[in-house]
2 protein chains.
Amino acid sequence: MSSFLSKNYEKLVPYVPGEQVNTKVIKLNTNESPFPPSPKVLQALSEDVINRLNLYSDPELKELRSAIAEQFSVTPDMVFCGNGSDDVLAFAIMGFCGHGGSLACPEISYGFYPVYADIFGVELEQIPLKDDFSINAEDYTGINKNIVIANPNAPTGLVLSNDEVEKIVSSNPDNLVIIDEAYMAFCGKGCSELIKKYKNLLVVRTFSKSHSLAGLRVGFGIADKEIIADLNKLKYSFNPYNINTLSIKAAAAAIADNDYYDDKIARIVEVREKTIAELRALGFNCTESKANFIFASSDKISAGELYARLREKGILVRHFSKPKIENYLRITVGAAQDMETLVSAIKEITEG
Amino acid sequence: MSSFLSKNYEKLVPYVPGEQVNTKVIKLNTNESPFPPSPKVLQALSEDVINRLNLYSDPELKELRSAIAEQFSVTPDMVFCGNGSDDVLAFAIMGFCGHGGSLACPEISYGFYPVYADIFGVELEQIPLKDDFSINAEDYTGINKNIVIANPNAPTGLVLSNDEVEKIVSSNPDNLVIIDEAYMAFCGKGCSELIKKYKNLLVVRTFSKSHSLAGLRVGFGIADKEIIADLNKLKYSFNPYNINTLSIKAAAAAIADNDYYDDKIARIVEVREKTIAELRALGFNCTESKANFIFASSDKISAGELYARLREKGILVRHFSKPKIENYLRITVGAAQDMETLVSAIKEITEG
């Protein structure tokens, strides 16, 4: 740390993203889609669009917000777009919970929530999961705190029902409830319908997982228009042109191509179910993950050792050295063939 | 404002970007380049790159930081990249000046500096310019505050020499001095050489102006590696994947194409000088702008009226309703033909 950095950040521990690699490996560690983006993305990034990059991108993001609004049957003033959903989460936690405000989140969840709490000076309460790794909605009912919950949760993949989400939202009317639906496309429609009923709900989504666009960095939030106006106020005070023209065009084209993505999502779900069944047949304990990853543990080998042995074989998965989940691996659902290679490798390691 | 937003942001007044328009106008209001980006940008955004957007971008930005480091004869660990230079400025002011820290900047300068001070709780001192709109380096010597200066300054276009910058940097060794060189490519090499000598200097640059890539959103900072490590610590706690793969590839290709951009910059400078001469011949007072814009005032017509009359004719320039400069227009140096149209229009308006 230099002598110039504010003392507020002395103890800040940044988020550690999953490893990015250049070498040829089977990469099942950051929940990317195994499919390329929709061909409409390639069409949208035309020579004409690229040659006009000398002009600023639209800070209001009208084209992209309209395209998203249409998909979710809301108006564009109920949509906020960020440079990845991390950007949306950062503005939301800074704006609504920052500087001594409150935030509650599951103890086991997206590892970034505690980092946001730290950087923005938020009083964070981390609520333990039940023994089966599920979230107990009752723990969040009427707690009079801002709340962020990943649904499906990560890295467990377990889902809260919309009824459970509604109980949490309706019982905390004076606080913001953020439902981070990064993985929702792999199991359902999510809770955005509730936004018409509740002014304190922010639903966060991303193009990174279901829409094969992790490298494009586009995420969004849907909420009552007053919440969106607040988020825009912060954005215009931090980085008004937060999404570039290429991302605007590509994401707007992608989100309209339901045929393409419905098919890809269905194929990922199919491979997920098949792989979970195969791992269970090998004696693994797998959660009922509804996301594009599997959360698995074996009695025969520690997760740390299995992670290392798979890595030696050129298969990258994610291992979190964190109490309660240190014996689990989070494995992205990749291409069907790669998952077969994975299962064979695991079989060889555990039985060979 | 919703009832959920932190009271800290109640009085926050966001930055107002220059107007973006869809209709056919001559757009001389946001200092964009009139030239398309280098053809190497188009090549870099290949079908293969686009089809691999399912994978995350490199959060370390190795390719882009190396390309920039090479141009500035520094090492990649002395380069920090942001989603536009606004992103770099935001992290720097948050990290080094935030939460009761200090910052001094010229009273007339980039309008975003006071907004950053506001959102991050910085004690801001705005130091008046001299009567001729130049910055008095003495006003910043040994003031024991963090400092941000745009050089060339905006909207005046006036430049501080490297000797003056060095006096400011060397006399405030315990504070960070940010030199925002967004427009430096239009007049010189800038002060990045000084970084090898001073640990408290952060030089900020952008691809938006000189590199015809405003729509791509890439900016960067060059500083001692400890400052860069601090900025990365904040980035990894806010938005680790802050630049997408397309921007990484396009910006890395652009910055290496000196032949293309040297030519375009020379043409912009030539048109700037010609237009300034023509406006002066019409009785205008123009600063000695070294940027890609002209700062001009007339005794014959108020800037507010001239702005409106030009707008009626489909020519968009920027007018700041701010004391001391309310009678000036900031006019981007556009294509040669557009500048001729501008001068003719001004002649018609002012001479009837």
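## Briefing: a predicted model of chains A and B

Ser237(B) sits in the loop that links α7 (225-235) to α8 (245-255) of chain B. The model is a predicted one. At 0% relative accessibility, Ser237(B) counts as buried. Its contacts, setting aside neighbours within four places in sequence, are Leu12(A), Val13(A), Pro14(A), Phe112(A), Val115(A), Tyr116(A) and Ile119(A). The points below go from the chain pair to the loops, helices and sheets.

**How the two chains are related**

- Two copies of a chain are related by a rotation about an axis and a shift along it.
- Here, chain B is superposed on chain A by a rotation of 180° with 0.0 Å of shift along the axis, at an RMSD of 0.1 Å.
- That is the relation of a two-fold axis.
- Within chain B, Leu246(B) has the C-alpha nearest the axis, at 3.9 Å.

**The interface**

- Chain B puts 81 residues into the contact, and chain A puts in 81 residues.
- The area buried between chain B and chain A is about 6900 Å². Carbon and sulfur atoms give 61% of that area.
- Three residues, Phe4(B), Tyr56(B) and Phe238(B), supply 13% of the area that chain B buries against chain A. No other three residues supply more.
- The copies meet through the same surface, because 100% of the interface residues of chain B are also interface residues in chain A.

**A second buried loop residue, Asn54(B)**

- Asn54(B) belongs to the loop between α2 (47-51) and α3 (62-72) of chain B.
- Is Asn54(B) buried or exposed? Its relative accessible area is 8%, so Asn54(B) is buried, the cut-off being under 20%.
- Asn54(B) touches a run of chain A residues: Glu32(A), Ser33(A), Pro34(A), Phe35(A), Pro36(A) and Pro37(A). It also touches Ser212(A), Leu213(A) and Ala214(A). Residues up to four places away in sequence are not counted.
- From Asn54(B) to Tyr236(B) is 182 residues in sequence and 21 Å in space, C-alpha to C-alpha.

**Helix α3 of chain A**

- The buried residues in helix α3 (residues 62-72) of chain A include Leu64(A), Arg65(A) and Ala67(A). Ile68(A), Ala69(A) and Phe72(A) are buried as well.
- An α-helix has 3.6 residues a turn, so residues three or four places apart point the same way.
- Which strands and helices do the buried residues of α3(A) pack against? The strands are β2 (79-82), β7 (201-206) and β8 (219-222) of chain A. The helices are α7 (225-235) and α8 (245-256) of chain A.
- Ser73(A) comes just after α3(A) and takes a positive phi of about 50°.

**A parallel pair in chain A**

- Strand β3 (residues 102-106) of chain A pairs with strand β4 (residues 123-127) of chain A in the parallel sense, over five bridges.
- Ser102(A) has Glu123(A) in β4(A) as its bridge partner.
- Between β3(A) and β4(A) the chain passes through helix α5 (residues 112-119) of chain A. This β-α-β crossover is right-handed.

**The four-stranded sheet in chain A**

- The sheet is open, with the order β9-β10-β13-β12 (chain A) and antiparallel pairing.
- At the edges are β9 (285-286) and β12 (318-319) of chain A, each pairing on one side only.
- Four bridges join β10 (residues 293-297) and β13 (residues 329-332) of chain A in the antiparallel sense. Ile294(A) is partnered by Ile331(A) in β13(A).
- Helix α9 (residues 258-281) of chain A lies across β9, β10 and β13 of chain A, at about 10° to β10(A).

**The four-stranded sheet in chain B**

- Chain B has an open sheet of four strands in the order β9-β10-β13-β12, with antiparallel pairing.
- β9 (285-286) and β12 of chain B each have a single partner strand, so one side of each is left without a neighbour in the sheet.
- Helix α9 (residues 258-281) of chain B packs on this sheet and touches β9, β10 and β13 of chain B. The directions of α9 and β10(B) make about 10°.
- β10 (residues 293-297) of chain B runs antiparallel to β13(B), joined by four bridges. Ala296(B) stands opposite Leu329(B).
- β12 (residues 318-319) of chain B also pairs with β13(B) in the antiparallel sense, over two bridges. Arg318(B) stands opposite Arg330(B).
- In a regular strand the side chains alternate between the two faces of the sheet.
- Both faces of β13 (residues 329-332) of chain B are covered. Leu329(B) and Ile331(B) are buried on one side, and Arg330(B) and Thr332(B) are buried on the other.

Key:
Residues are numbered from 1 along each chain as its sequence is written. Chains are lettered from A and ligands numbered from 1 in the order in which they are written. This is a predicted model: local features need pLDDT of at least 70, side-chain atom pairs count only at pLDDT 80 or more; totals for chains, interfaces and linings use all residues. Side-chain values use heavy atoms; hydrogens and water are left out. Copies are superposed by least squares on the C-alpha atoms of residues with pLDDT of at least 70 in both. Contact means heavy atoms within 4.5 Å. Buried means under 20% relative accessible area, exposed over 50%, partly exposed in between (1.4 Å probe, protein chains only). Two strands pair if DSSP finds at least two bridges between them. A crossover is right-handed if, with the strands pointing away from the viewer, the path from the first strand over the helix to the second runs clockwise. Axes are lines fitted to C-alpha atoms, for helices over the stretch in contact, and angles run from 0 to 180 degrees between N-to-C directions. Buried area is the accessible area (1.4 Å probe) that two parts lose on being put together, summed over both.
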